[in-house]
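The following paragraphs are intended to be read with the sequence and the coordinates side by side. Please keep both in view.

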Amino acid sequence: MPTPTDHLHDIVVSPSILAADFARLGDEVASVADHVEWIHVDVMDGHYVPNITLGNPVVTSLRAATDRVLDMHLMITDPRTYAPQFVDLGAESITFHPEVEDDPLGLVEDLRNMGAKVGVAVKPDHPLATVAELLPHVDMLLLMTVEPGFGGQSFRDDVVPKIVEAASWRSDHDATFRIEVDGGIDPDTAAVVAAAGADTLVAGSAVFGHDDRGRAAATIRARATGAR
């Protein structure tokens, strides 16, 4: 099974099942498994964001259906309760929005002690400074290039300077966290964010909206790799 730290900053494409057919989710994941190391799982609770997506039963089914890394993005108001449950169900990587948590560093440490890789997420309009104190302690920084909560939104190019800033911060501080970008990723925007310093790309409709999902994921990876 791949791990979230294989080939530390090589390009990783993490197809988001938010754009998949939930009636045949196992088949959808299988259609990309030979071409990707990670599967992106968006959890929404109807509070932090307006929509509700999925919970423990679906994660249990996904874990049984694939050996790919489950890259969990928790858009929820209570990650302290639910994040450990997802780790117990077999998710290897947990990313949460730290502004909803009274002790985000404590949660990072708790999840890492459980054996998970941990990331923190930043909304498009939030500055990198809001998570600066956490960056030395996390495995991933997720920069949203759309507002969280809805699939199919257009890429916000005003976030690109923040990707550059994050990559510079990582280099200046000899940090090793991955820089993940989520929102509006397709072959063209994949090249843009990779050139800015991103190494982990979440793609929903740009993968699951194509008949050949594996080829779509491979194209995104190739464009991103070529732009570095």
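Directly after helix α4, Gly-115 adopts a positive phi of about 100°. This glycine belongs to a predicted model, in which the mean pLDDT is 94 and 95% of the residues reach 70 or more. The segment to read with reserve is residues 1-6, where pLDDT stays under 50 and where the model has 17 contacts beyond four places in sequence.

Helix α4 itself, residues 104-113, has among its residues Pro-104, Gly-106, Leu-107, Val-108 and Leu-111, which are buried. These buried residues pack against α3, β4 and β5, the last of which covers residues 117-122. The loop that leads from β4 into α4 contains Pro-98. With a relative accessible area of 9%, Pro-98 is buried, because a residue under 20% is counted in that class. Leaving aside residues up to four places away in sequence, Pro-98 touches Pro-104, Val-120, Ala-121, Val-131 and Leu-134. By contrast with these contacts, the C-alpha atom of Arg-228, 130 residues from Pro-98 along the chain, is separated from that of Pro-98 by 29 Å.

From β4 the reader may step to the strand beside it. Strand β3 (residues 69-75) pairs with β4 (residues 93-96) in the parallel sense, over four bridges. Within this pairing, Leu-74 of β3 has Phe-96 of β4 as its bridge partner. The connection between the two strands passes through helix α3 (residues 79-88), and β3, α3 and β4 together form a right-handed β-α-β unit.

A second unit of this kind lies earlier in the sequence: β2 (residues 38-44), helix α2 (residues 56-65) and β3 also make a right-handed β-α-β unit. β2 and β3 run parallel and are joined by seven bridges. Trp-38 is bridged to Val-69 of β3, while Val-43 has Leu-74 as its bridge partner in β3. Leu-74 thus appears in both pairings, with Val-43 and with Phe-96.

How many residues of strand β3 are buried? Seven of the seven are, so the strand is largely enclosed by the rest of the structure. The burial extends to both faces: Val-69, Asp-71, His-73 and Met-75 are buried on one side, and Leu-70, Met-72 and Leu-74 on the other. In β2, too, seven of seven residues are buried. One side of β2 carries Trp-38, His-40, Asp-42 and Met-44, the other Ile-39, Val-41 and Val-43, and both faces are covered.

The helices α1 and α8 can be considered together. In α1, the residues Leu-25, Glu-28, Val-29, Val-32 and Ala-33 are buried. They span an arc of only 140° around the axis, which places them on the same side of α1. Their cover includes β1, β2, α2, α7 and α8.

In α8, the buried residues are Arg-213, Gly-214, Ala-216, Ala-217, Ile-220 and Ala-224. Here the arc is only 170° around the axis, which again sets them on the same side of the helix, α8. The face turned away from this buried side carries the exposed residues Arg-215, Ala-222 and Gly-226. Among the elements that cover the buried residues of α8 are β1 (12-15), α1 (25-33), α6 (187-196), β8 (200-203) and α7 (205-208). The dimensions of α8 can also be checked: at 1.5 Å a residue, its 15 residues (213-227) should span 21 Å, and the end C-alpha atoms are 22 Å apart, which agrees.

A final point concerns a loop residue. Where is Asp-174 found? Asp-174 sits in the loop between α5 (160-172) and β7 (178-182). Its phi is near 50°, a positive value in a residue other than glycine. Is Asp-174 buried or exposed? Its relative accessibility is 69%, and Asp-174 therefore counts as exposed, the class that begins over 50%.

Definitions and conventions: Residues numbered from 1 in each chain as written. Predicted model: local features only at pLDDT ≥ 70, side-chain atom pairs only at ≥ 80, totals over all residues. Heavy atoms only, no water. Expected span 1.5 Å × (residues − 1). Buried < 20%, exposed > 50% of the residue type's maximum accessible area, 1.4 Å probe, protein only. Arc of directions from axis to C-beta. Contact = heavy atoms within 4.5 Å. pLDDT = per-residue confidence, 0-100. Pairing = 2+ DSSP bridges. Right-handed = clockwise from strand over helix to strand, strands pointing away.
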